Structure formats: structure tokens, C-alpha cells
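Thanks, everyone, for making the time this morning. I would like to walk through one model with you, so please have a look at the sequence and the structure as they come up.

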Amino acid sequence: NSSEASPSFLLAGLPGLEGLQCWLSIPLCSAYVLAVAGNGAVLLAVRLEPGLHAPMYLFLCMLAAVDLALATATVPRTLSFYWFDSREIGLGACLLQMFLIHALSAVESAVLLAMAVDRYVAICHPLRHAAVLTNGTTAKVGLLALARGVIFFLPLPLLLLPLPFCGPRALSHSFCLHQDVMNLACANTTPSVVYGLTAILLVMGLDALLICLSYVLILRAVLRLAAWRERLKVFSTCIAHICVVLAFYVPLIGLSVVHRFGKDLAPLVHVIMGNVYILVPAVLNPIIYGVRTKQIQRRIL
């Protein structure tokens with residue numbers, strides 16, 4: 001009914017596997033528990049280890065906090081659907097979840113860019129690193145990243161809120177994403193389309209370009225070193241960050257491709273790609289930095 005004041009939406013389950021949803025939710029729940037435990041351990045390790053109170057590890061704490069918030073904003077609601085058949089989600093809750101997903105993703109992208117700049121300054125201008133990247137500057141960067149995510153993505157739910165939603169209201173993911181919800185509106189969504197695309201390009205797109213630029217400059221500086229062993233030693237300090245960047249941007253690009261070109265794909269692919277986008281960075285990031293950072297390993301043990 002298009003005249004309904006507060007419409008609701010239906011979350012996507014596992015199409016074709018409805019009878020096994022309760023059992024198939026166990027890997028999802030396990031991944032969420034692993035993400036909470038891993039990121040919580042990183043936060044605690046950095047908090048308790050004075051030697052880790054440096055910009056690189058403070059950025060890592062920000063990354064862990066964002067991953068925790070992003071996973072918690074989506075996975076518990078998905079599990080309640082799988083376990084208790086609570087498929088329906090109200091418009092307000094859906095728009096709030098959509099805003100949190102996009103805003104927190106923008107914050108994570110900004111933190112990854114800040115970590116790339118930290119690596120660039122540490123390798124290309126090592127004598128200026130302590131002066132440029134202080135703990136105070138790191139805190140300001142974190143606040144700026146949070147403010148940018150809120151400012152750029154708060155208009156998304158505000159643009160969708162007054163639109164009427166009629167006809168089928170079944171989402172293609174087990175949580176609310178902007179493009180998914182927007183496609184269910186039975187009104188002109190051109191402003192929402194234009195603003196959403198602009199925000200994505202100005203935030204994630206620009207961050208990705210600047211991260212690539214920072215690594216071009218780092219690679220150029222590393223290749224100027226005479227010995228191959230010295231080159232590998234210097235560049236190895238970037239391996240963990242490169243893996244974390246790939247863990248974030250590859251699922252993001254994959255989800256965007258599925259949305260844009262995957263109309264003929266099985267609905268199950270959309271659901272799986274959405275969960276991969278939310279959980280893969282949250283699970284892998286603490287593992288990557290836990291393996292690469294001996295101080296974190298010792299404190300966790």
C-alpha cells in the first residue's frame with residue numbers, strides 16, 4: 001500500500017536454502033565472534049602496551065573500532081532473521097542501518113588513507129615523521145574522518161525518507177544498502193542516485209587514488225636504495241597495510257560490480273557478497289596485524 005505512513009522492508013535470506021538457514025548461520029555467527037574477539041584484542045593490546053602508543057597503532061585502533069561497529073550494526077540483525085525468522089525491518093531502522101554502513105565505510109577508507117600517509121612519511125621523510133605525525137595529529141585525523149563520513153552520507157537517508165515505497169519491498173541483502181533501498185521507491189530517485197554516486201566517488205574513490213599515489217611515491221623511494229635486501233626490508237613495513245587495503249577495497253568493488261552488472265546473477269550471490277563486504281575486513285584485519293606485529297602478539301599472549 002503506497003499510502004502507508006511507515007513502510008517496512010523484507011531482508012533477504014539464503015534463497016533456495018531456507019530450510020538450512022539456521023545451520024548455515026553458524027559460519028556467519030562464528031565469523032562475527034572472531035571479528036569481535038580479534039578487534040577487541042587489538043584494542044586491548046594497544047591500550048595496555050605503552051610501546052604501541054604511536055600513530056600507526058592508534059590508526060590500527062581506529063580501524064578495529066570501525067570494524068567492530070560496522071559488523072555489530074549488521075550481523076546481529078541478520079542472525080535474528082536466520083534464527084527467529086524476524087525478516088521484517090522498519091523504514092527508520094533500515095535507514096539508520098544504511099547510514100551506519102556507508103558512514104562507517106567512509107571512516108574506514110579515510111583511516112586506510114591516513115595509514116598510507118603514515119607509511120609514506122616514515123619511509124620517504126623519516127626524520128620528519130615524529131614531528132609531522134604526533135598523537136595529537138592522529139586524534140584530529142580520526143575526528144576529521146568521522147566528521148567527513150557523517151557529513152557526506154547523512155543526506156542519503158534524508159533523501160530517501162520522504163519517498164513513497166510501493167509494490168514488493170524485498171531487499172537483495174540481509175541488511176540495508178542505499179542502492180538496494182532506493183530501487184524499491186516508486187518515485188523519482190534521480191537526486192538520490194546523483195548524490196550517492198558523487199559521495200562514493202569523492203570519498204572512497206578519491207581515497208583509493210590517494211592511497212595508490214602514496215604507494216607510487218613509496219615504491220619510487222624504495223627503488224632508489226642500492227641493496228635489494230634493504231629494499232625488501234623497507235617495503236616489508238608496508239605489507240600489512242597493503243593486505244588490509246585489499247581486504248577492504250576488493251569486497252567493496254565486488255559488491256559494486258554485483259549491484260551494477262549482476263541483475264542476472266542468482267539472488268544468493270548478492271547475499272553472500274554483502275556478507276563478505278561486511279565481515280572479511282573485520283575478520284582479516286586483526287589477523288594480519290597480529291601476525292605482522294610482534295608487540296601485539298606478545299601482549300595478546
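I will go through the helices, then the open and closed spaces, and then the contacts between rings.

Before that, a word on the ground rules: this is a predicted model, in which local features need pLDDT of at least 70 and side-chain atom pairs count only at pLDDT 80 or more, while totals for chains, interfaces and linings use all residues. Residues are numbered from 1 along each chain as its sequence is written, and side-chain values use heavy atoms, with hydrogens and water left out.

Let me begin with helix α4, where helices (H or I, at least four residues) and strands (E, at least two) are DSSP runs numbered from the N terminus. Helix α4 covers residues 91-124, and its 34 residues reach 49 Å from the first C-alpha to the last, close to the 50 Å expected at 1.5 Å a residue; the expected span is 1.5 Å times one less than the number of residues. When I say buried, I mean under 20% relative accessible area, with exposed being over 50% and partly exposed in between, for a 1.4 Å probe and protein chains only. On that scale 26 of the 34 residues of α4 are buried, so this helix is largely enclosed by the rest of the structure. M98 lies in helix α4 and counts as buried, at 1% relative accessibility. The C-alpha atoms of M98 and P27 are separated by 24 Å, with their positions 71 residues apart along the chain.

Helix α2, residues 55-72, can be read in the same manner: its 18 residues should span 26 Å at 1.5 Å a residue, and its end C-alpha atoms are 26 Å apart, which agrees. Of those 18 residues, 13 are buried, so α2 too is largely enclosed by the rest of the structure.

Now to the spaces. On a 1 Å grid over the protein atoms alone, a cavity is a set of points where a 1.4 Å probe fits but cannot get out, whereas a pocket is an open set with protein on both sides within 12 Å along at least five of seven lines, and lining residues have an atom within 4 Å of a point. Grid points are joined across faces, edges and corners, and a volume is the space filled by probe spheres set on the points.

How large is the largest pocket? Its volume is about 950 Å³, and the elements that give two or more residues to its lining are α4, α8 (178-182), α9 (190-223) and α11 (239-261). The lining has 32 residues, and I200, M204, L252, I253 and S256 lie nearest the centre. Helix α9 gives the most, with twelve residues. By class, the lining holds 22 nonpolar, nine polar and one charged residues; here Ala, Val, Leu, Ile, Met, Phe, Trp, Tyr, Cys and Pro count as nonpolar, Asp, Glu, Lys and Arg as charged, and the others, Gly among them, as polar.

Take L252, which lies in helix α11 and is buried at 15% relative accessibility. Its C-alpha atom is 9.4 Å from that of S105, although the two residues are 147 apart along the chain. Y249 is also placed in helix α11 and counts as buried, at 10% relative accessibility; Y249 and V280, 31 residues apart in sequence, are 11 Å apart in space, C-alpha to C-alpha.

As for closed spaces, the count comes to one cavity of 30 Å³ or more, with a volume of about 40 Å³. M56, M115, D118, R119, H241 and Y289 line it, and helix α4 supplies the largest share of that lining, three residues. The lining divides into three nonpolar, one polar and two charged residues.

Finally, the rings. Rings of Phe, Tyr and Trp (its six-membered ring) pair if their centres lie within 6.5 Å, and planes under 30 degrees apart count as stacked, over 60 as edge-to-face and the rest as tilted. There are three aromatic pairs by this rule. One of them, F9 with F165, is edge-to-face, at 5.1 Å centre to centre and 85 degrees between the planes. F9 lies in strand β1 (residues 8-10) and F165 in the loop between α7 (155-160) and α8, so the pair ties together parts that are 156 residues apart in sequence. F9 is buried at 0% relative accessibility, and F165 is buried at 2%. Another pair, F81 and Y82, is tilted, at 5.5 Å and 40 degrees.
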